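I opened the notebook to go through this structure one site at a time. My plan was to look up the ligand, then a pair of helices, then some backbone details.

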Amino acid sequence: MPGRRPLVFGNWKMNGLGQDTRALSDRLKAFGPITRGTLGVFPPFTQLQAVAEKLRGSGIVVGAQDCHEAANGAYTGSVSAAMVADTGATAVILGHSERRHGLGESDALVNAKAKSALDAGLALLVICIGETESEYLDKQTLAVLDRQVEGSIPADIDPDRLVVAYEPVWAIGTGRTPSREEIASVHAHLRGRLAAHLKGDGRSVAIQYGGSVKGANAPVILGIADVDGALVGGASLDPVDFAKIFTAGGGSFAAPGS
Ligand code: PGA
């Protein structure tokens, strides 16, 4: 899909009360309409509807950070994919490492959530994969990623509705990143793996890198072959740095007022 890349998404995690997320949304909108690339934000559930309303018509994708695998029912405290869609959000992050490792989510659970998000009609699923530090040191990265691709991503998903975020767990929120060569070889490997795993054209799936992406390192990271964008945590809470990441990857805004 020409013009869709780079895809730069901000995962706000458990940050932001109403006044913060309103201000952040206004700042992003003020950069002007997007003329190239895809920008997205993933606020906490409590702010999802307000942010979706504020950003309606801006072209900025709004999504949730998770959803439950069931369509509805007796699941106290959970939010279904249909409820996410009902807020006006069109995307969802699934399998983030803070849920896989922090809350014990398995590949099978992520897969079930993905099916439920597809059934609910969400346009875009961001499925996160990544190795832990000990797996990295044991040189298990590719084996871990293959297992996660196989187990977490429904093979019949429409490739246009899928974004895969490669996020080494040890790079999230640490200020550390793999080398340019390591990112390039993992992404090239994933491109082939997705082609083999998906029924549709797996080569066309957008693959984001995530883990300590900032304005300062974005030109290098987003310049790597097969890196189609970034999933950004901490730096996405600063609109100026977030926009810098987007433009470093070739994204552009129309000049305000034009
Ligand atoms: P970070 O988080 O940019 O703060 O490292 C990335 C993520 O968790 O998606």
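The entries below record what I looked up in this model, which is predicted.

**Entry 1, the ligand site.** I began by listing the neighbours of the ligand and found 13 residues around it, the closest being Lys 13, His 96, Glu 167, Gly 173 and Ser 212. Sorting this shell by class, I noted seven polar, four nonpolar and two charged residues.

I then went through the polar pairs between side chains and ligand oxygen. For Glu 167, a polar side-chain atom lies 2.6 Å from an oxygen atom of the ligand. For Lys 13, I read 2.7 Å between an N or O atom of the side chain and a ligand oxygen, and for His 96 the entry is likewise 2.7 Å from a side-chain N or O atom to an oxygen of the ligand. I also looked up how far the ligand is enclosed: on its own it has 280 Å² of accessible area, and the protein covers 96% of that.

**Entry 2, Ser 212.** Since Ser 212 is listed among the closest residues to the ligand, I checked its backbone and found phi near 60°, a positive value in a residue other than glycine. Ser 212 sits in the loop that runs between strand 8 (206–210) and helix 9 (218–221).

**Entry 3, helices 7 and 8.** I next looked at helix 7 (residues 141–152) and helix 8 (residues 180–197), whose axes come within 11 Å and cross at roughly 30°; the crossing is right-handed. On the helix 7 side I noted contact residues including Leu 142, Leu 145 and Val 149, and on the helix 8 side the contacts include Val 186, Leu 190 and Leu 194. By class, this contact has six nonpolar, three polar and three charged residues.

**Entry 4, a cis peptide bond.** Lastly I recorded that the peptide bond from Arg 5 to Pro 6 is cis, with omega near 0°, and that Pro 6 falls in the segment before strand 1 (7–11).

Terms used. Residues numbered from 1 in each chain as written. Predicted model: local features only at pLDDT ≥ 70, side-chain atom pairs only at ≥ 80, totals over all residues. Heavy atoms only, no water. Near = heavy atom within 4 Å. Polar contact = N/O pair within 3.5 Å; in protein donor to acceptor, adjacent residues only side chain to side chain. Areas by Shrake-Rupley, 256 points an atom, 1.4 Å probe, with all protein chains shown as cover. Nonpolar A, V, L, I, M, F, W, Y, C, P; charged D, E, K, R; others polar. Axes fitted to C-alpha atoms, helices over the stretch in contact; angles between N-to-C directions. Helix = DSSP H or I, 4+ residues; strand = E, 2+ residues; numbered from the N terminus. Left-handed = near helix turned anticlockwise from the far one by under 90°. Contact = heavy atoms within 4.5 Å.
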